[in-house]
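Please find below a short note on the model, arranged as numbered points.

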Amino acid sequence: MQSLLAAVSKDVDRLSAFYSEHILPYLARKSKATYIAAAIASFVTYQVYKMSHIPRNLRHIPAVPYWSYMRSVFSGTTQDARRDMIYSVLSKSPNGLYLKPSRGGWSVGVVGPQALRTVFLRKGIYTPINCIALSLHSNPNLIPQDDYPKSRALVTDKTFLVAKLIGGQNIISLNGSPWKKHRMIANPAFHRHMPVKLFGNLCEMMMDKFESESDGLSHVNVPALMQSNVGSRFTLDVIGQAGFGYDFESLENPDNEKVHIYNSIMEGLKNPLFFFFPFLERHFLWAFPNRRQQHENCDTLHQLFKSVIDNKRRVLVEQKEHNEDPEKDLLTLMLEAGEDDPSQALSVEELQENLTIFFIAGHDTTSNALSFALYLLAMNPDIQEKARREVLEVIGDGADMVHPTETQISQLKYIYMIMKETLRIHPPLQSSQLRVTEEDTELAGTVIPKGARLQADIFLAQHNPAVWKNPEEFRPERFAPGGENEENAKKGLAWAPFGNGARQCIGMNFSLAEQRVVLAMLLRKFTWSLPENSIHKDHLIFAPGMGLVNAKDLYLSFEKRF
Ligand code: HEM
């Protein structure tokens, strides 16, 4: 993350250097170029002003102070540090709505449980002020639209890195019936037996690598197992093999070019400069060589996915020739869509975009979740021991390597509670994708004008002291039957690490099964703790950046049980 901070400050330095080297001299010379430089300067100033300025129709919603918020972002502090600032604003907002600076403007942060449920569920409990919305919904000939569809502004304009990477024709970006088509095609791959054998095999391989790459494990401090290193390589190989029938070989080969390319793009996406001021990327990309390189890396990654698709087509033809009929993985389902009904076929562009989505959504989220669980178990040895007892009861003890079965992982009830509590305290995605209102609406008693952007604040909702008792305390029992979580469900939506409603994470069960296998295998083989000198002694410290959160330099000390 140091490199991200360095990149941001390099970009800011570059901008100010550019201003003083090119713009100021021109201003002094009063030539034709003077006017161009002045125009650029005014344009940049105007854009920043526009972004800091709260639109008139949103001013009734309490807002975080723009400059303090931005100072906090650019000084490298994390969401944790901004939490107090936001909760102080939320104290003036009984329904848990507030305004925050967001990509290229302001958006409404949704924290309150009632409002959160409304935003995620297709038909909310709010009343559309404009009755056109109601009449549309009651007309059976019209396809029901999401009340809060995803904002497409950022995924369709490919001058932005995020749009270039993700695109607008895929399961995560589309709305309405085009989205439904993609979801229906992918659904069967996630609603059947989970590939626990594959999880077990790769987890064993990961543990071997973990040992060999860290010179043995006894009392050795090693980088957080799951994060950005071996764990991320493990989850990447899982999604490659389970989803696409393709081996990225990232466990085998850590210096894999694909992994480097991917990491460089992810670093680019976390850069707050381009996140908050997208006009820089649209109009001044030429001034940021690092960013241009990330755009080029995106093209390389897409080429890789095209070759994965071509390879799969070849394999499918061969299988047909040999009358083989193996279980269809996600990519096979996407390639075969439309065989009976051509209107359901996916274009090459759609295929490649979906592959990118599953590649991104399918691995770092899970490896970070596992990393956070390992940290919380290191901090709470009694809970770790209780979890281990459950594993040993279900799978048995011994020095041999055992891969849990699907039935066994379904019996790991306490581990399941630990995972849910981990995802409450440290949701890998701190907020949802942006939504946009298509009509004037009322959300939990607040008027939201047409065109406003909203974002479910998953992290804040799951730490809301008005909803959760001692929210910073790690207590898996909250998720026991009849526990606090069930009580909270009566208030609305209080736990949503995977979102909710029709757009809920399609990979939720896949990820939860994967996490259960890994935790069970690790608990059986190791005990672990936080090293004496850890920076995370009081609480987990996050690396700065937008979107997907990573713990900063997290090391854990593992010891073999046998
Ligand atoms: C701990 C792991 C994971 C977390 C915390 C997570 C979180 C989320 C969240 C919060 C959303 C909803 C976003 C929104 O509504 O704005 C989402 C959607 C999605 N996730 Fe996950 N995810 C995880 C794992 C996975 C995996 C393993 C896959 C695929 C293999 C996946 C694929 C997707 C897809 C395709 C969507 C979009 C679904 C749609 O719009 O229909 N995710 N995820």
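1. What covers the buried residues of H21 includes helix H18 (364-379), helix H19 (381-395), helix H22 (458-462) and helix H24 (508-525). Contact here means heavy atoms within 4.5 Å; helices are DSSP runs (H or I, at least four residues), numbered from the N terminus.

2. This is a predicted model, in which local features need pLDDT of at least 70, side-chain atom pairs count only at pLDDT 80 or more, and totals for chains, interfaces and linings use all residues. Residues are numbered from 1 along each chain as its sequence is written, and side-chain values use heavy atoms, with hydrogens and water left out.

3. Eleven of the 13 residues of H21 are buried, that is, under 20% relative accessible area (exposed is over 50%, partly exposed in between; 1.4 Å probe, protein chains only). Among them are Tyr414, Met417, Glu421 and Arg424.

4. Within H21, Arg424 and Glu421 form a salt bridge, with their closest N and O atoms 2.8 Å apart; the term denotes a side-chain nitrogen of Lys or Arg within 4 Å of a carboxyl oxygen of Asp or Glu. About one helical turn separates the two, because they are three residues apart in the helix. Arg424 has a relative accessible area of 0%, and Glu421 is likewise at 0%. Both belong to a salt-bridge network with Glu473, Arg475, Arg478 and Glu484.

5. A further salt bridge joins the side chains of Lys386 and Glu477 (3.4 Å, N to O). This pair links distant parts of the chain, 91 residues apart: Lys386 lies in helix H19, Glu477 in the loop between H22 and H23.
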